[in-house]
Amino acid sequence: MINNLLKTSLDKALSTIEKSRQLYSAGLKPVESGVITTVLNGIAKISGLPGVEFDELVKLPEDVYGIAFNIDPDEIGVVLLGDYSKLQAGDKAERTGRVMDVPVGDALIGRVLDPLGRPLDGRGPLNCSERLPLERMAPHIMDRAPVTEPLQTGIMVIDALIPVGMGQRELILGDRQTGKSAVAISTILNQRGKHVLCVYCAIGQRASAVAKVVAELREKGAMEYTIVLVTEGNDPSGLQYISAFAATSIAEYFMERGDDVLIVYDDLTNHARAYRELSLLLKRPPGREAFPGDIFYLHSRLLERSTHLRDELGGGSLTALPIIETQEQNISAYIPTNLISITDGQIYLSPTLFELGILPAVDIAQSVSRVGGKAQLRAYSSVTSSLKLDYVQFEELESFSRFGTRLDEASRKIINHGERIRECFKQDELFLFSAPEQLMVLLALAEGYFDTIALEKVHPAMVKVGNASLDLADADLVQRIVENKELSAADHDAMLQAADSAMKQFRDKQ
Ligand SMILES: Nc1ncnc2c1ncn2[C@@H]1O[C@H](COP(=O)(O)OP(=O)(O)OP(=O)(O)O)[C@@H](O)[C@H]1O
Ligand SMILES: [Mg+2]
């Protein structure tokens with residue numbers, strides 16, 4: 001009896017203790033906090049956060065966050081992401097237990113934002129319910145499918161000779177002011193009505209340059225399918241560093257949903273510089289050109305995330321057009337060689353061609369697409385195979401003929417033909433060609449139709465020939481080109497006939 005009484009009161013006491021323990025622990029949230037010891041140039045040193053993990057987000061006063069970058073036994077180095085001017089030594093720093101993430105979703109389409117997910121276009125808040133971490137694993141090799149579909153840039157010289165496929169990484173490189181951004185922007189504009197979502201990531205650019213790009217995209221209706229992520233040159237290096245990763249996570253969200261996505265990084269030179277600055281401030285050992293040793297890993301882990309997913313995973317794709325600025329045409333500098341080896345090809349823009357007014361200034365001999373050829377529309381293959389060879393041969397002969405050498409008939413023919421190929425490949429930056437338009441011109445070129453036209457008339461004749469694709473009697477033919485069907489000899493004849501009649505006026509007036 002006494003035993004029973006004792007047992008029940010013991011049970012009661014125990015359950016009361018358990019209840020109050022649960023209540024007590026529910027209201028308790030352990031916070032690990034430390035103290036800022038120094039703040040300098042976008043970097044803070046913090047002591048007293050022994051449990052912090054690499055890449056963890058650290059909360060600081062004034063609504064500033066930082067990323068734990070260097071973890072030493074007695075202090076950690078944090079890269080600051082916001083306005084750090086009000087932070088000072090002695091301020092409190094707290095662990096958050098999470099990594100940096102970015103809002104993702106349809107609400108971002110048509111918007112201009114910064115890497116922290118703050119809108120920059122004054123069009124109200126971004127209502128995104130989902131977020132993705134900035135650093136994510138690249139898709140596994142078994143999850144990838146080959147690159148098989150073309151991504152038309154609308155620029156004839158690229159689509160014909162250096163084609164880009166969906167899921168490919170194609171580097172755009174060249175000296176300053178050679179039209180690198182123009183190639184990327186044209187490609188975005190050309191995706192109108194093609195169900196390709198675009199992400200333009202401006203890294204460390206002048207605000208006025210970005211404003212110009214956004215205005216252009218908006219004016220041409222391209223913002224309907226484009227997201228612009230911006231960091232300016234005067235933003236903290238930490239923000240510039242994370243922007244490429246934030247843009248990739250945003251693009252990946254759509255790729256994983258099954259969409260085709262195009263991402264432009266403009267440019268990764270600024271990205272590498274921001275990373276170098278952070279690394280030097282954190283006293284990491286500098287290597288070649290003072291870049292840290294893991295700069296190759298930085299860009300390869302970024303660009304490996306672009307791919308074409310298998311159909312079982314939705315079949316989405318992420319095509320990357322990273323841009324790099326070279327100094328004095330030196331494409332064998334550290335960052336350009338790194339990126340050339342990471343990507344599946346490069347489009348090299350030459351300042352010499354730019355000065356000569358050959359625009360876009362694509363240097364065909366130094367440009368290559370390592371996978372795009374397999375993804376090019378079938379109709380191109382039979383037409384373009386000889387053109388590249390003819391053109392490269394012409395360039396060699398041209399430099400030779402500058403020495404005043406007398407040329408034989410055969411060489412003069414090659415030069416005559418090459419000059420016309422070059423004239424046809426000239427294209428104004430906002431003037432885009434569809435695949436059927438390009439094929440009309442390329443066919444006529446390959447057949448030597450332009451060779452008998454005076455050089456100054458080649459360009460207007462080319463535009464006319466391109467437009468003649470609209471007059472093709474067989475409307476089905478245009479459809480077959482776009483649907484990636486092979487063209488028959490009869491199709492070629494029909495196109496050549498249309499090209500011939502379009503050129504008549506230029507021949508007659510000679
Ligand atoms: N195909 C083209 N036809 C006519 N003008 C062009 C063409 N491509 C580029 N341009 C002009 O050349 C200039 C430089 O172009 P762009 O800004 O694209 O070069 P960039 O290499 O990106 O320059 P930066 O090094 O400053 O980033 C611009 O004024 C642009 O309008
Ligand atoms: Mg540019």
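**Exercise 1.** Find which residue of β14 is the bridge partner of Leu262, then place β13 among the strands it pairs with.

*Solution.* Start with the pair itself: Leu262 has Thr319 in β14 as its bridge partner. Next, look at the strands, which are DSSP runs of E with at least two residues, numbered from the N terminus. β13 and strand β14 (residues 317-325) run parallel and are joined by 6 bridges. On to strand β11 (residues 196-205): it runs parallel to β13, with 7 bridges between them. One of the pairs here is Ala202 with Asp266 of β13. Strands count as paired if DSSP finds at least two bridges between them.

A quick note on the model: it is predicted, with local features needing pLDDT of at least 70 and side-chain atom pairs pLDDT 80 or more, while totals for chains, interfaces and linings use all residues. Residues are numbered from 1 along each chain as written, chains are lettered from A and ligands numbered from 1 in written order, and side-chain values use heavy atoms, without hydrogens or water.

**Exercise 2.** Work out how many residues of strand β13 (residues 260-266) are buried.

*Solution.* Take the cut-off: buried is under 20% relative accessible area, exposed over 50%, partly exposed in between (1.4 Å probe, protein chains only). Now count: 6 of the 7 residues in β13 are buried, so the strand is mostly covered.

**Exercise 3.** Is Ser411 buried or exposed, and what does its side chain touch?

*Solution.* First, locate Ser411: helix α12 (residues 409-425), helices being DSSP runs of H or I with at least four residues. Its relative accessibility is 12%, so Ser411 is buried. Finally, its side chain makes a polar contact with that of Asp408 at 2.8 Å. Such a contact is a pair of N or O atoms within 3.5 Å; within protein, one must be able to donate a hydrogen and the other to accept it, and residues adjacent in sequence count only if both atoms are side-chain atoms.
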